[in-house]
Each structure stands twice: as C-alpha cells, then as structure tokens.
Amino acid sequence: MVPNHARFARSPYKRIFDEDAKVQSWIREIERGSQSGAAGALRKLGNSCETMGTTPQALAELDEQGAVAFLREFVIRLEDRDATGVTIRTYIKAIKSWWTFNDLEVTKRVRVKDPNGNMIVNESLTPNTEPPSPSGYYR
C-alpha cells in the first residue's frame, strides 16, 4: 500500500520529495512511526537545505567531518535567527535521521545554546541542597 502524500501538496518542499526516490524511501520509513513526524522531517530537511544552499543528495554525500562542519554552521545560522534550542535540536534530529538513512553516523556532538528550551536566569545561584520534605516538595 502506497501512503497518501497529499499533505505534501502544499509544502514548499514537495519538490524534494517528488524528485528524489531516496527521500521518498526515507519519508516512508518515518511514516511507519508517525505521519505527522514524516511531514515535519521533510519540512526540516527542506528548510535546512534551503538555508544552507544545498540539496539532500549533497548532504547524503558528506563524510563525518563535513557533516559536523555543516551542523555547526547551520546551528549558527539558526541562532542568528533567534531559533530556540529546542527548535534547533529538532532540525538536528531530522538531519541526523537523513544521514543515518544514508549510512552516515555522526557521533561528534554539536553544542546548542539552551538545548532544553529552559531560560537560565542566573547561573551563579547555588542549588537547593536542603533535603525534600516527607511530601517530596522542597520547603
């Protein structure tokens, strides 16, 4: 059974899906877990390629060193656009999924500001070392 890809009809990245059989296979693999996840992955891959002036095929041909350099530059560009750490992490996850599908494992970590989306108010505050009350809450 071929999945219905009508939801890509209005996507600005539909062309990427239509023109590349490998991207189609990757998206279909993701769809087995989540159809909305597949749509998001295509959008993130397409936006990443557009932002960096490249193609999914060119990304798939990178070696690990080139992939890490790509991610570092991509993170800088997203941070310059004021993207949150959580948003940047979702892009990295989609790109790494594409690379894994193409047998490229990127093991080196690329640092992202605020990866959990939490706002750091004051790093100099000392943590609460008081034990929790019997109810489990700090006093």
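These notebook entries record what I looked up in a predicted model of one protein chain.

**Entry 1. Overall fold**

I began with the secondary structure. The protein chain has 6 helices and 0 strands. Reading along the sequence, I noted the pattern α-α-α-α-α-α. I then turned to burial and found that 35% of the 139 residues in the protein chain are buried. For the surface, I recorded an exposed area of about 9,300 Å² for the protein chain, with 50% of it supplied by carbon and sulfur atoms. I also looked up how contacts are spread along the sequence. Of the contacts in the protein chain with a separation of 6 or more, 61% join residues 24 or more positions apart.

**Entry 2. Salt bridge**

How many salt bridges does a search of the whole structure find? I recorded 1 salt bridge. The partners are Glu73 and Arg77, and their closest N and O atoms are 3.2 Å apart. This pair meets the criterion because a salt bridge requires a side-chain nitrogen of Lys or Arg within 4 Å of a carboxyl oxygen of Asp or Glu. As background, I noted that side chains of opposite charge can pair when their charged atoms come close.

I placed both residues in helix H5, which covers residues 64-80. Glu73 and Arg77 are 4 residues apart there, about one turn of the helix. Next I asked how accessible the two partners are. Glu73 is partly exposed, at a relative accessible area of 32%. Arg77 is also partly exposed, with 31% relative accessibility.

**Entry 3. Largest pocket**

I looked up the largest pocket and recorded a volume of about 160 Å³. Its lining comprises 14 residues. Which of these lie nearest the centre of the pocket? They are Arg15, Ile16, Thr54, Thr55 and Pro56. Helix H1 (14-19), helix H3 (35-52) and helix H4 (56-60) are the elements that give two or more residues to this lining. By class, I noted 6 nonpolar, 4 polar and 4 charged residues in the lining of the largest pocket.

**Entry 4. Gln24 in helix H2**

I located Gln24 in helix H2, residues 21-31. Is Gln24 buried or exposed? I found Gln24 buried, with a relative accessible area of 19%. This value qualifies because buried means under 20% relative accessible area. Setting aside neighbours within four places in sequence, I recorded contacts of Gln24 with Phe17 and Asp18.

**Entry 5. Three residues of helix H3**

I looked up Asn47, Ala39 and Gly37 in turn.

Asn47 has its place in helix H3 and is buried, its relative accessible area being 18%. Which residues does Asn47 touch, not counting those up to four places away in sequence? I recorded Tyr13, Arg81 and Tyr91.

Ala39 also lies in helix H3. I noted that Ala39 is buried, at a relative accessible area of 16%. I then looked up its C-alpha separation from Tyr13: the two atoms are separated by 9.9 Å, and the residues are 26 apart along the chain. Tyr13 had already appeared in my record as a contact of Asn47.

Gly37 is found in helix H3 as well. At 29% relative accessibility, I entered Gly37 as partly exposed. That assignment holds because the partly exposed class lies between the buried limit of 20% and the exposed limit of 50%. For Gly37 and Ile27, I recorded a C-alpha to C-alpha distance of 9.0 Å and a sequence separation of 10 residues.

**Entry 6. Positive phi values**

I then looked up backbone angles. As background, I noted that most residues other than glycine have a negative phi.

Asp82 has a positive phi of about 65° although it is not a glycine. I found Asp82 in the loop between H5 and helix H6 (85-101). Asp82 counts as exposed, with 68% relative accessibility.

Where is Asp103 found? I placed Asp103 in the segment after H6. Phi of Asp103 is near 65°, a positive value in a residue other than glycine. I entered Asp103 as exposed, its relative accessibility being 73%. Both assignments follow because exposed means over 50% relative accessible area.

Conventions: Residues are numbered from 1 along each chain as its sequence is written. This is a predicted model: local features need pLDDT of at least 70, side-chain atom pairs count only at pLDDT 80 or more; totals for chains, interfaces and linings use all residues. Side-chain values use heavy atoms; hydrogens and water are left out. Buried means under 20% relative accessible area, exposed over 50%, partly exposed in between (1.4 Å probe, protein chains only). Contact means heavy atoms within 4.5 Å. Accessible areas come from the Shrake-Rupley method with a 1.4 Å probe; for residues, only the protein chains shown count as cover. On a 1 Å grid over the protein atoms alone, a cavity is a set of points where a 1.4 Å probe fits but cannot get out, and a pocket is an open set with protein on both sides within 12 Å along at least five of seven lines; lining residues have an atom within 4 Å of a point. Grid points are joined across faces, edges and corners, and a volume is the space filled by probe spheres set on the points. Ala, Val, Leu, Ile, Met, Phe, Trp, Tyr, Cys and Pro count as nonpolar, Asp, Glu, Lys and Arg as charged, and the others, Gly among them, as polar.
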